[in-house]
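Ready for some pocket work? Grab a pen and take a look at the model below.

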Amino acid sequence: MHDPDATSSRKDRSAAFGVVLAMETWERFGFYGMQAILLLYMVQKLGLRDTQANMLWGSFSALTYAAPVVGGWLGDRVTGSRRTMVAGGIVLAVGYLLLGEMGGSARALYLAMGVIVVGNGLFKPNSCNMVNIIYRGQDEKLDVAFTLYYMAINVGSTFSLFLTPWLQQAYGWGAAFVSCAAGLGLGTGCYFLRRARLVHIGTDPDFRPVPVWRVLAVVVGMGAAVELAARVFASTSIQGGLVVVSGILILLAWVMVYRRAAAAERPGLKIMYLLTFEVALYFVFYQQMVTSLTLFALRNVGKDFMLGSMHLFSLSAGQFQGFNPLWIMSGTPMLVAAYAALGRRHINMGIAVKFIIGFGCVTLSFLIWWGSVALSASPLVSPWVMLVGYGPLSLGELMISGLGLAAIARYVPARISAFMVGCYYVLIGFAMYVGSLVANMAAVDTSAPASMDAARTLGIYGDLFRSLTGLAALATLVFALLLPLVRRWERQQAY
């Protein structure tokens, strides 16, 4: 792997990081724009029941996050992280165009989702690995870099989460999905305009020509993966099985990596395994934003924001997801400043402590939503509850998911970093599938008009939020009790 210390100055690092940030921003614009409306498209346009839509989205999430294992391997060993990242952006644009142009058939939907799965698998691990390479060995800068990287994700997602549902309402589903493809076009355009800034950054294959036969093999493999994903989406009987198998395979891979690791590397791997499990658990809660919280907003949240008797603005159900990146962008500068202030005082809070604080924030969010349902005198709760509730959940995301990749960069040997990033995304996908199963605890039978009564659905969502509040509180306590063990592993790694 090429070392940027030997080939670039601090200014060069910043310039290279800026190119990756630009690509990530526009890639997230496309992905989150699609996320804002795809489940609603399934329910409102295709007429799927809650359970069907939730599990299709869960399977899509699982495959989307599992695919980076292969993409990370391609970046490490075959085509290079830089090349694979750019290829992923192009494939994602094609996937969103297919969504925009599909004729409403299930087969077209499954194929488009399969293309998106493949594109995400190529893009995500290699984009993250580029940040790892740029700031390898600089732990304090790496934490700040990944926090800024996470903010870039949310800059892109904020605009699309508000824009895409508006485009859907004003111009139809097709125009909204095509706007997501336009975002990827801008992202890849940014790369080609500034690609000279990344000329010295990448994994070893980036600096060698790739044989034509190898390129053809990758393309054929991508086509086969798209078809396989489409078949999985079409068959509910095998979706859950594949998700479980993928989780088992990753755990087996982790055991093999641990057994082959040098003794000095094992404490760091144990820390990474525990922290990755914590991140995965967070995504069970995160998945509610797209599933149960979006359907809660559709059925039991008022859409008009009022200040006294004055009407301020209105939002659709999909647009409520936009509060998440807004809070993240507001909280990121404060966290960066706090990390910098602690660093000047030589206080290292540690990633594990940040994760515990993050789960405390998750607990508070679901407590707010549970309380709003329990105390509401109307079947429609105030939309301000969604704005307030997303605040702690988003801060928790910054503290947990925002630093999950930094944990890999800090504790994992460089030679397997991209592969471990891929494993990280597989477990997130597994957790999001579980999150969809959890969301189905509040599923409503849309084919039965009586089940759609707002007073009845309010109680259903309240029961779910109460359960999630208890689970988050328990996780906070357990991870706090495990903190001394993590600190002992850190001392062993330092030794």
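Here are three exercises on this predicted model, each with a worked solution.

**Exercise 1.** Find out what lines the largest pocket, and which element gives the largest share of that lining.

*Solution.* Start with the volume of the largest pocket, about 700 Å³. Next, go to its centre: 32 residues line the pocket, and the closest to the centre are Ala-66, Ala-67, Val-70, Val-117 and Ala-225. Then look at the elements that each give two or more residues to the lining: H2 (50-66), H3 (68-78), H5 (106-134), H8 (212-234), H9 (236-260) and H16 (417-439), which are helices. H8 takes the largest share, with nine residues. Finally, sort the lining by residue type: 26 are nonpolar, five are polar and one is charged.

**Exercise 2.** Work out where the largest pocket lies relative to domain 1 and domain 2.

*Solution.* Take the bounds of the two domains, 9-234 for domain 1 and 261-494 for domain 2. Both of them give residues to the lining, so the pocket lies between them.

**Exercise 3.** Place Val-155 in its helix, then decide whether Val-155 is buried, partly exposed or exposed.

*Solution.* First, the helix: Val-155 belongs to H6, which covers residues 139-171. Second, accessibility: buried would need under 20% and exposed over 50%. Val-155 has a relative accessibility of 27%, so it counts as partly exposed. Third, contacts: leaving out residues up to four places away in sequence, Val-155 touches Thr-25 and Met-329. Last, try a distance: from Val-155 to Val-212 it's 57 residues in sequence and 38 Å in space, C-alpha to C-alpha.

Terms used:
Residues numbered from 1 in each chain as written. Predicted model: local features only at pLDDT ≥ 70, side-chain atom pairs only at ≥ 80, totals over all residues. Heavy atoms only, no water. 1 Å grid on protein atoms, 1.4 Å probe; cavity = no way out; pocket = protein on both sides within 12 Å on 5 of 7 lines; lining within 4 Å. Points joined across faces, edges and corners; volume = space filled by probe spheres on them. Helix = DSSP H or I, 4+ residues; strand = E, 2+ residues; numbered from the N terminus. Nonpolar A, V, L, I, M, F, W, Y, C, P; charged D, E, K, R; others polar. Domains from an automatic or database assignment. Buried < 20%, exposed > 50% of the residue type's maximum accessible area, 1.4 Å probe, protein only. Contact = heavy atoms within 4.5 Å.
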